[in-house]
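Student: Please take one part of this model and examine it closely, setting it against the background of the whole chain. I would like the reasoning spelled out wherever a number leads to a conclusion.

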Amino acid sequence: MEKNRLMDEFLQAGRELIALHSRQMQAALEGDTDFGRFELLLHLAQEKKEQAKYAWIAHVHAHQCTGEELL
Ligand SMILES: [Zn+2]
């Protein structure tokens, strides 16, 4: 189901974002003074997540997928 595929993309993008955040935190904890290099990656991951979210919303609005469908 397209809706589920879009939700998977959203969840995957969210996991990538979390993974990047923890890598950045880890770098900072280890005294890495260049942990700011993660900012661009974080920005891109955030955008990807937003796009996936809006794709899902647009899909659901387009043909009225409802909560009865399995998520
Ligand atoms: Zn649908």
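Tutor: Of the 71 residues of the protein chain, 6% count as buried, and this value, like those that follow, is computed from a predicted model. The overall dimensions can be put beside that figure: the radius of gyration of the protein chain is 16 Å, whereas a compact globule of 71 residues would have one near 11 Å. Taken along the principal axes, the box that the C-alpha atoms fill is roughly 50 × 20 × 15 Å. Within the protein chain there are two helices and zero strands.

The part I would single out is helix α1, which covers residues 2-29. Its 28 residues, at 1.5 Å a residue, should span 40 Å, and because the C-alpha atoms at its ends are 41 Å apart, the model agrees with that expectation. After α1 comes Gly31, whose phi is positive, near 80°.

One residue of helix α1 that deserves attention is Ala27. Ala27 counts as partly exposed because it has 16 C-beta neighbours inside 10 Å, where 20 or more would have made a residue buried and 12 or fewer would have made it exposed. If its neighbours within four places in sequence are left aside, Ala27 is in contact with Asp32 and Phe35. Arg37 is ten residues from Ala27 in sequence, and their C-alpha atoms are 10 Å apart in space.

The partner of α1 is helix α2, which takes in residues 38-63. From its first C-alpha to its last, α2 reaches 38 Å with 26 residues, close to the 38 Å expected at 1.5 Å a residue. Gln64, which follows α2, also has a phi that is positive, near 50°.

As for how the two helices are arranged, the axes of α1 and α2 come within 9 Å and cross at roughly 160°. Angles over 145 degrees count as roughly antiparallel, and α1 and α2 are therefore roughly antiparallel to each other. The crossing in which α1 passes α2 is left-handed.

The contacts of the protein chain can be described by their separation in sequence as well: among those between residues at least 6 apart, 72% join residues at least 24 apart.

Methods:
Residues numbered from 1 in each chain as written. Predicted model: local features only at pLDDT ≥ 70, side-chain atom pairs only at ≥ 80, totals over all residues. Helix = DSSP H or I, 4+ residues; strand = E, 2+ residues; numbered from the N terminus. Expected span 1.5 Å × (residues − 1). Rg over C-alpha atoms; globule rule 2.2 N^0.38 Å. Contact = placed C-beta atoms within 7 Å. Axes fitted to C-alpha atoms, helices over the stretch in contact; angles between N-to-C directions. Parallel < 35°, antiparallel > 145°, perpendicular 65-115°, else oblique. Left-handed = near helix turned anticlockwise from the far one by under 90°.
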